[in-house]
Amino acid sequence: MNPTDTPPTLQAIVGALVFTAKQPLSLAQMRKVLADVASEYGGAAATLAQTDDAAQTAALQASAATLVSGDLALALKEVAQGYRHENRIECGPWVRQLL
């Protein structure tokens with residue numbers, strides 16, 4: 001069975017990529033990952049590789065909104081180099097105390 005026969009949503013995929021990346025992740029880097037997976041697996045993954053920057057940005061915005069509405073400790077932020085997950089600023093005193 002091909003693991004990409006029924007892939008997750010674009011929102012889930014870009015969220016996972018940003019979460020896993022050690023550095024901010026650009027739209028171009030995400031697009032390359034989508035293309036590489038499509039090349040390796042084909043099938044439904046090929047459809048995801050056709051997404052443009054607007055679709056990726058919309059998926060990232062939806063992922064950010066899900067984090068906010070779920071009252072989670074993480075926030076998805078756009079920085080100069082791309083996107084990354086950060087702790088919500090409101091949690092700062094506790095995070096600083098831990099560190």
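Helices (H or I, at least four residues) and strands (E, at least two) are taken from DSSP runs and numbered from the N terminus.

**Figure 1. Overall fold of the predicted model.** The protein chain contains 5 helices and 2 strands. Read from the N terminus, these elements follow the order α-α-α-α-β-β-α. Along the principal axes, the C-alpha atoms occupy a box of roughly 45 × 30 × 25 Å. Of the 99 residues in the protein chain, 31% are buried. Among contacts with a separation of 6 or more, 54% join residues 24 or more positions apart. The exposed area of the protein chain is about 6,600 Å², of which carbon and sulfur atoms supply 59%.

**Figure 2. Contact of helix α2 with helix α4.** The axes of α2 (residues 27-41) and α4 (residues 53-69) come within 11 Å and cross at roughly 100 degrees. Angles of 65 to 115 degrees count as roughly perpendicular, so α2 is roughly perpendicular to α4. On the α2 side, the contact involves Leu27, Met30, Arg31 and Leu34; on the α4 side, Asp53, Gln56, Thr57 and Leu60. The residues of this contact comprise 4 nonpolar, 2 polar and 2 charged.

**Figure 3. Surroundings of Thr51 in the loop between α3 and α4.** The loop that holds Thr51 follows α3 (44-48) and leads to α4. Thr51 has a relative accessibility of 18% and therefore counts as buried, the cut-off being under 20%. The Thr51 side chain reaches the backbone oxygen of Leu48 at 3.0 Å. Apart from neighbours within four places in sequence, Thr51 is in contact with Leu10, Leu34 and Gln56. Leu34 and Gln56 also belong to the contact of α2 with α4.

Notes: Residues numbered from 1 in each chain as written. Predicted model: local features only at pLDDT ≥ 70, side-chain atom pairs only at ≥ 80, totals over all residues. Heavy atoms only, no water. Axes fitted to C-alpha atoms, helices over the stretch in contact; angles between N-to-C directions. Parallel < 35°, antiparallel > 145°, perpendicular 65-115°, else oblique. Contact = heavy atoms within 4.5 Å. Nonpolar A, V, L, I, M, F, W, Y, C, P; charged D, E, K, R; others polar. Buried < 20%, exposed > 50% of the residue type's maximum accessible area, 1.4 Å probe, protein only. Polar contact = N/O pair within 3.5 Å; in protein donor to acceptor, adjacent residues only side chain to side chain. Areas by Shrake-Rupley, 256 points an atom, 1.4 Å probe, with all protein chains shown as cover.
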